[in-house]
Amino acid sequence: MDEEATRDFNERCAQCSEVNWGLTDGGRFYCRSCHNVTERTREVVNTDFITNTRVQTISKGSRKQEKTDGGCEWYVCEGFQLVLKKQAEALEALGVCPQMKDEVLWNFWRCYLQRSKQAYCIRPAGETVKALSPQVCDSSTDVDSDPERPSLLHVLSLSESEGDLQTDNSFASSTSKVSECTSLCSGSVDGSLYLKKNQKEKLRMTMPMTLSFCYMALLWLREPVTLSDLLRFVVEGHIPYLNVFQHFPEKMKLCGVDLKIFCVESWPAYEEVYNKMLELAVFLELPRFPDITDSCFLHPDMLCMKYLMEANLPDELHNWTCRVVKKIGIGDVDFLTLVPGNKSTAKVKYDILAAAVIVVVLKLLFLLDDKYEWLLSDFAEERNKNNKEGDPYFEFQKWYKVIKCSLDAKQKKLDEERAKYLWRCEKPLFYSAKMKSKVLKRRQMVVNLQNQFGKLAGSVRPAEKPNPSSFQLSWSEENTDGSCFHGHSLKGILQEKCGLLKPMNPDYWLCTVKLCTERSCGHLAHYSREEDFPQSYHFVLRLFSFLLRIQPSYIHDEVCVIEQKLFNKKFYKKAKIQHRSKEIKRPKNNIIKTM
Amino acid sequence: MAAAPRKNGLLEEEEEVVRSSAPPAGSALLPPLYLPFLPPHFYQPASSHEHKLNFKKSKQACLSYIQDAMLQKQWKRAAEFLTFYVESLEKDYSKEHVGPSEMIWRIGTEILCHHSHSSIKEFNSFMEQMKTLGVKRYLKVCLEHVFHLLCNGLIDEAYQNLSLAESWRFGEQTVIQDKEIKLIQAYRGLLDYCKWSKQKNMLLEHGQDGFEDLSVEQEMHSCFRKAAVNLKEIIKIPGVWDQFVKCYVDLLEFYGDHNEARQVLQEYAYNPKFPANPNAHVYLYQFLKRQGESKKSLISALKNLHDTVPSHELMIDFHLMLQKSKKRKKRRLGLEVIFAVLDYAGWKENVKAWSCLAKQLKQIVISEKHLDWLKQEWSSRKDWWPAFHFSRYLGKKNWQENQSLSYEKALVAGILLGKDGKYFKYVSHQGCKARMKRFRILKKFVHKHNPVYMRISGLSESSGQP
């Protein structure tokens, strides 16, 4: 944005006495009203986040200032830059260190622009903008149902095949040519080309990818925000995402293909954002990320503590999660730290990993086979009745009741909130100027109807934004109703042996005998409600699925992976023994002893 | 492949012994005690996109909340969710069969009709918005609006709205919605008829006082013309137009155009393009009766009614008319008609119907002619009428509630089922006990004609008994 860069240069133009400066690629100021170039150059290279990144725009000649509709010329990447800026500001307001916005994210973005050859590079001569058939658009930013689109794109591709947008020299004239003939279909200069470029070597920017950028920056700084937290903040409206275009300057008009790029029609999905982040890290050729050590929030020991608190489980369980983490080495720095492009290292989803560890610990201690946990609970209840001294023994049944009650209520509220989500903003978008009056009329009618039925509903407006918190459920020991289990003791389920505390539970069942390969079916394991897992197991998965706002199957997959690591050696040995002795007819009938 | 959870025997850490055949330590002790019950939304299978909410899914969920609330008559809650659903208009390209705008129209109408805080003013403004929202159903919305106004007694407003709708022009849409236009015109005609009818009554009242008002009379005639034109149009189209037909015939009869009226009614009743409509025959019959038409034409009108609705209340009239006929064929039909009437539960306790049947049966038995008719009618009913009409329980009930009913029924039962039938036995016994003369005569009559029962139920032939 030139405005930002030329903010400090306030002299009047010698020719027309306007104060409306732009920057040339030589770093000189030129007057945007009369195109008079001054001798003055910029003295300081401004590294402010939102500086002049569009070196390219200037090399293409002066920014065409006014279009007929009062908008200015702008490029898609400028739009994304604004989105990133808004998101970074929001994160900063949430307490993320300012470094993230001004240094990390900014550098990532600059690097992206350079690698994708959108700026900070000399456009290689002879590079052709291939007019490929329009790519299938991203699922989350769609205007698919717009009936006008296909025909327009058809017109576009025709007009482009005649224009030769090949060299820098011809670019200036041809852009205006393109923008003239595309003014119907995109507000931005390169919107229509943007969706068509061959993206094999260039990672095309999308709206979900803005969040990948944010998460990558957070990860780089080891900020105490998990991806599931980030996405939840987006949905709760603390981070701009949906309708973020309404914060664009007045002169940046969006229409046509721009809608496809910037309009969001769905909430970001965990997998999509995560995978794009990995891709992005490789694309930018980033080095190894800062180490995730055991003092980091993202370390499983730390996250387990957080989730144990949120799940209202006894603090003592933390001891056991730490033991599991240590035993299978998922607390190691090398395991946890992201090394872009290194295929041999695991790609860790910290939040899911921690939740899965807790599930495994619950299975170790309580078995979760719909029998044993209730049996233990009965013993604990009996003991608590007879003995009121000291910390009460943990009762699974009581915990289940409290959690279920709370979860049901929260889930119901969440479901209703989802149905009540308002997707549209006051500034409606229209595909073309032709549609403008129709769109505005629709908008007005929607507002009228909302008012009319709002009155009948007792003027219920959308619920207030909840305060941003990394905790969705909170339990306090101060509550005297006994609904907090943090201080409860595990004594009832442990027994001392050789001076060591061991769980009474002698058994374990595996969620799966063999992991699938991700390459063959896309999943490591398979989870569905119909599967014959115990109800308690389903319940625990759903609890964490609610906390992380992800599908239970993700956690299940991770549980399977952890179990394999935990038992693989023993299991393997067992299977061999069984095979050799042929005592067991079903080799799947694996026997696992607990730790 | 995920394995089902398996539980195995206790294993000590030190010794790696396979003891899988040993019974599981925990489960042997306890029956399954507390299986957690999951709330219904947990039972939904987890699809891969379950957690990715998009505009469409969000609005679909909203719609189902609205439907739930409406089913439970929670109008306030329905209105609340509707405020969020209306956003889907901004995505409505009317590709789907029932698009959001139609949903909003229907749901909104329903809420405004039932919500305690809604007013007619609000309803009107909503309807005006809905009219601009979808030109494709402009006239449907207009009609719905008019119905609501009529239900609230706002006849003048309704009339005004109909006139406005009638003059609506919107390119080819006007042509596409020509059926709706006809309906709109027809309803306007109906309202004109109402006006006419009011003025007619006024004039008739004042006429008796010797007071004449020319302008009122003129207005009445102009109403007649307006109504007649529109009503005539709609009833040309195949359909069920009872209200319109009745009004139109009333107008015609008042002005003495009986031929036209008869033609209209005959067309309405007999044109095969029109859906089968019993009322059409009723109207025709009533008209013919008013006109003092011949028995023959009356019978043919009712015959049609009998074919479509054998349980119609006019069937008694029909039966009586047939009974009086000299032709055997018609009397035969009369028997059929009265039997058919009593096949229906609604007639079970109708004394008139039973006495009609009893009378004809008595005639047949005494004359001993046409027993074959009786036999034929009875053969399809002898399986189920005894339980349906002639159980001991019903005998007791009828006797207690209505003695004349039980008398008629007992006569029928005695003839059809013989002197040993449960119903006859019970009722005649009670009657004789109460020393009622007609029951004693009845008993004698049945005993005397008992062989008839043998013959119609096919006993005498097969067993060779007298």
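Buried residues are those with under 20% relative accessible area, exposed ones have over 50%, and partly exposed ones lie in between (1.4 Å probe, protein chains only). The structure is a predicted model, in which local features need pLDDT of at least 70 and side-chain atom pairs count only at pLDDT 80 or more, while totals for chains, interfaces and linings use all residues. Residues are numbered from 1 along each chain as its sequence is written, chains are lettered from A and ligands numbered from 1 in the order in which they are written, and side-chain values use heavy atoms, with hydrogens and water left out.

**View 1. A stacked aromatic pair in helix H4 of chain A.** Rings of Phe, Tyr and Trp (its six-membered ring) pair if their centres lie within 6.5 Å, and planes under 30 degrees apart count as stacked, over 60 as edge-to-face and the rest as tilted; by this rule there are 52 aromatic pairs over all chains. The ring centres of A:Trp109 and A:Tyr112 are 5.5 Å apart with their planes at 20°, so this pair is stacked. Both residues, A:Trp109 and A:Tyr112, are buried. Because they are three residues apart in helix H4 (residues 99–115) of chain A, about one helical turn separates A:Trp109 from A:Tyr112; helices are DSSP runs (H or I, at least four residues), numbered from the N terminus.

**View 2. A stacked aromatic pair in chain B.** B:Trp168 and B:Phe170 are also stacked, with 5.8 Å from centre to centre and 15° between the planes. B:Trp168 counts as buried at 10% relative accessibility, whereas B:Phe170, with a relative accessible area of 41%, is partly exposed.

**View 3. A salt bridge between A:Arg232 and A:Glu236.** A salt bridge is a side-chain nitrogen of Lys or Arg within 4 Å of a carboxyl oxygen of Asp or Glu, and by this rule the count over all chains is 29. Here the closest N and O atoms are 3.5 Å apart. A:Arg232 is buried, with a relative accessible area of 4%, and A:Glu236 is buried at 17%.

**View 4. A salt bridge in helix H5 of chain B.** The side chains of B:Lys131 and B:Glu128 meet at 3.2 Å, N to O. The two residues are separated by about one helical turn, because they are three residues apart in helix H5 (residues 120–133) of chain B. B:Lys131 counts as buried at 4% relative accessibility, while B:Glu128 is partly exposed, with a relative accessible area of 39%.
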